[in-house]
Amino acid sequence: PIAQSNLANCYMRGEGVEVNLVKTYEWYKKSAESGYAYAQAMLGLCYNEGVGVNQNFEEAFKWFLLAAEQNEADAILNLGLYYDNGIYVKQDLRKAFDLYLKASQLNNPYGLMNVGICYANGRGVETDFTKAFIYFEKSANLGLDLAQLNLAICYENGYGTEKNIVKAKYWYGKAANQGNEAAKQALSRLS
């Protein structure tokens, strides 16, 4: 199943072959049906985004769930997004938070950032800027530009930490260097 999944990756990225999204889907499906968690998560994404197959949220959810049962962090994150936004399932902000937290415990940078967003905005959990800051920092240190932006905002405004413009500029700069437009604007505003 790993070789099938690797072949799907090649078709998706055009590595050694022409990009072919139908073949991407077909090879992820073969690999996923063998029980390979990464391929199950990627097949879920194919259904979620309509990559090589018609978009189908029910199928996406099914494959995310199968991968999540094997602790595949991206699948857990995507289930969280489904519950957060009420995609295919009834919106449940607490369940979304719990799934983001589980993904964060697997060191998933988006899971970490989404836990921070939940704490910052009181989504499925009590508002707690100190905890939001901690999760943004962990995700930012893994290189996620959106988390770097959120961490900079915390430093700029004193959310969950002492106000520190020098550190705000540093994190805006890290995010801006990755092409984050909001960070670029904030950096020029502070300069």
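**Exercise 1. Describe the protein chain as a whole.**

*Solution.* Buried residues make up 43% of the 191 residues in the protein chain. The model is a predicted one. Its secondary structure comprises 11 helices and 0 strands, and the order along the sequence is accordingly written α-α-α-α-α-α-α-α-α-α-α. The C-alpha trace spans about 50 × 40 × 25 Å along its principal axes. Of the contacts between residues at least 6 apart in sequence, 39% join residues at least 24 apart.

**Exercise 2. Determine whether the length of helix α2 agrees or disagrees with the expected span, and locate its buried residues.**

*Solution.* Step one concerns length. Helix α2 has 13 residues, which should span 18 Å at 1.5 Å a residue; the end C-alpha atoms are 18 Å apart, so the two values agree.

Step two concerns burial. The buried residues of α2 are Thr24, Tyr25, Tyr28, Ser31 and Ala32. Viewed down the helix axis, these residues fall within an arc of 135°, and therefore they line one face of α2.

Step three identifies the cover. The elements over the buried residues of α2 include α1 (2–13), α3 (37–49) and α4 (57–68).

**Exercise 3. Classify Ala32 as buried or exposed, and describe its surroundings.**

*Solution.* Ala32 lies in helix α2 (residues 21–33). Its relative accessibility is 1%; because buried means under 20%, Ala32 counts as buried. Beyond its neighbours within four places in sequence, Ala32 is in contact with Ala39, Gln40, Leu43 and Trp63. A further reference point is Phe64, which is 32 residues from Ala32 along the chain, with 11 Å between their C-alpha atoms.

**Exercise 4. Characterise helix α7 and its crossing with helix α9.**

*Solution.* Begin with α7 itself. Its 13 residues reach 18 Å from the first C-alpha to the last, close to the 18 Å expected at 1.5 Å a residue. The buried residues of α7 are Gly111, Leu112, Met113, Asn114, Val115, Gly116, Cys118, Tyr119 and Ala120. The cover over these residues includes α5 (73–85), α6 (93–105), α8 (129–141) and α9.

Next, take the geometry of the pair. The axes of α7 (residues 109–121) and α9 (residues 145–157) come within 9 Å and cross at roughly 30°. The crossing of α7 past α9 is left-handed.

Finally, list the residues that form the contact. Helix α7 contributes Tyr110, Met113 and Ile117, while α9 contributes Leu146, Ala147 and Asn150. By class, the residues of this contact divide into 5 nonpolar, 1 polar and no charged.

Notes
Residues numbered from 1 in each chain as written. Predicted model: local features only at pLDDT ≥ 70, side-chain atom pairs only at ≥ 80, totals over all residues. Heavy atoms only, no water. Helix = DSSP H or I, 4+ residues; strand = E, 2+ residues; numbered from the N terminus. Buried < 20%, exposed > 50% of the residue type's maximum accessible area, 1.4 Å probe, protein only. Contact = heavy atoms within 4.5 Å. Axes fitted to C-alpha atoms, helices over the stretch in contact; angles between N-to-C directions. Left-handed = near helix turned anticlockwise from the far one by under 90°. Nonpolar A, V, L, I, M, F, W, Y, C, P; charged D, E, K, R; others polar. Expected span 1.5 Å × (residues − 1). Arc of directions from axis to C-beta.
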